[in-house]
Amino acid sequence: INIKNYNYNHQIYFISPDYLAQEENLEFHVYINGEDFGTKNYFYFSDLKGNESTANIEIRFLETVKHCKCLFSDCYYINSLDLSNFDTKYATSMEKMFYNCKKLKKIILTNFDTKYVINMNNMFENCEQLCKIDLSDCNMGEVIYMESMFSNCVNLKEIFLPSLNALYMRKMFYNCSKLDKIDDIFGENIIDASYMFFNCENLKEFNKEDYLVRCELMSSMFENCKCLSGCRLLFYYDLTGEKLINMNSMFSECENLENVNFGENTICPRTIESMFFNCKKLKSIGEEMDLESCESMSKAFSNCESLEVVFLNKVKYGINYDNIFYNCHNLLSVFFTSEYLNKINIGKMFEYCSKLDQIISCEKINKDNIKKEFAKLNISPTINTINVKGIDDVYFL
């Protein structure tokens, strides 16, 4: 399909594979294989009969385009799009613009104007044949919504983007299984990054240089990124304690993850359930986690077979710790500064942690009772207690 603009008088809203739907008196010209179908308010793609895969369609809009929402949505047969002559300078929404264009392989976006666009949700979702896209020359400074923008683009390997300030990027690259590299793409004010790289099996590393200030949702952000070996995410410490982060399954099933860098500031998660589940090569989480407001930790480090050291601070009582260190059979030392270690079911926390050598906790715990609980697991770690009030730095012995 080749798109052209002519006179600018009205607005066009969307195209679908079944018909081009217009408001009353909005007109455009349609040309198919050179034949002029005349001025129209609508056009049925079904008129193409069995020639959908070979037809050369040209649409000439007689209106100014302000809304590109669903413009090519569900056009299953398009394999190439030339938008080099398509004027989008007044467009504010490109939501689902190319949604479900399952055969789209080539798209020309020369002079593609996005400076007023706010919404790009689902813009390229389900473009299964798209391998490469270059949006680096686009101005996306006003875009707020990018949820599922490239979701299920299963053949997308190369992508070039400008600096982004979007707040909502949930599922942005969901199931882009061939994407192997991505630059530092989001700004410091992102709020929702959950499922952003879910099932990006070939993604090898991710580095975020600027501090994240407002992020609250990171659940399953890198889940099932099988090739991810390193990740760097820097967090700005919220002194008010109001910014709590959902980190459920954040790195779950990242079986080649070796190191995670969260910077020097304390992390304040709301929940870390299954956060590093089955990260078999992860050796340590060096940064301090302030778990005073954490609501769930079950399976947080379960099956981290290479994990050696964990530092958990201000752990509270009354939440789920089940299988938090299940099958961490190389775990040596745990810093667990909570008097509630007396009341927690140790059997469900440390099952199959056969090499556990040291527990550091607060001075209020009952060492003898805790040793008896470990004995039931055939483990005999040294129990060290400290007064954690006012402590700035603690080092493992």
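This is a short talk on the strands, one loop serine and the cysteines of a protein model.

Okay, hi everyone. First thing to keep in mind: what you're looking at is a predicted model. Let's start with the overall make-up. The protein has 20 strands and two helices, so you'll hear me say "beta" a lot today. Of its 397 residues, 51% are buried. And here's something about how the chain comes together: take the contacts between residues at least 6 apart in sequence, and 65% of them join residues at least 24 apart.

Let's walk along some strands, going from β17 to β20. Strand β17 covers residues 309-313, and four of its five residues are buried, so it's mostly covered. β17 pairs with β18 in the parallel sense, over four bridges. If you want to find that pairing on screen, look for F311, whose bridge partner in β18 is F335.

Next, β18 itself, residues 333-336, runs parallel to β19, and three bridges join them. Here the pair to look for is V334, standing opposite I359 in β19.

So how many of the residues of β19 are buried? Five of the five, across residues 358-362, so this strand is largely enclosed by the rest of the structure. On to its pairing with β20, residues 382-386: that one is parallel too, with five bridges. C362 in that pairing stands opposite I386 in β20.

How does the chain get from β19 to β20? Through helix α2, residues 367-375, and together β19, α2 and β20 make a right-handed β-α-β unit. If you're new to this, a quick reminder: strands in a sheet pair through backbone hydrogen bonds, and they can be parallel or antiparallel.

Now a separate little sheet. Three strands form an open sheet, in the order β11-β12-β14, with parallel pairing. Which strands stand at the edges? β11 (205-212) and β14 (259-261) do, and each has a single partner strand, so one side of each is left without a neighbour in the sheet. From one strand to the next, the twist averages 10°. β12, residues 230-235, pairs with β14 over three bridges, and you can spot G230 opposite N259 in β14.

Let's look at one residue in a loop. S296 lies in the loop between β16 (284-290) and β17. Is S296 buried or exposed? It counts as buried, because its relative accessibility is 10%. Its side chain also makes a polar contact of 2.8 Å with the side chain of E273. Leaving out residues up to four places away in sequence, S296 touches several others, including R270, T271, I319 and N320.

Last topic: the cysteines. How many disulfides does the structure hold? Zero. For anyone who hasn't met the term, a disulfide is a covalent bond between the sulfur atoms of two cysteines. Take C279 as a worked case. Its closest cysteine sulfur is the one in C304, 5.2 Å away. A disulfide here needs the two sulfurs within 2.5 Å, so that gap is too far for a bond. C279 is also buried, at 0% relative accessibility. Another cysteine, C138, is buried as well, with a relative accessible area of 8%.

That's my tour, thanks for listening!

How values were computed: Residues numbered from 1 in each chain as written. Predicted model: local features only at pLDDT ≥ 70, side-chain atom pairs only at ≥ 80, totals over all residues. Heavy atoms only, no water. Buried < 20%, exposed > 50% of the residue type's maximum accessible area, 1.4 Å probe, protein only. Pairing = 2+ DSSP bridges. Right-handed = clockwise from strand over helix to strand, strands pointing away. Axes fitted to C-alpha atoms, helices over the stretch in contact; angles between N-to-C directions. Polar contact = N/O pair within 3.5 Å; in protein donor to acceptor, adjacent residues only side chain to side chain. Contact = heavy atoms within 4.5 Å.
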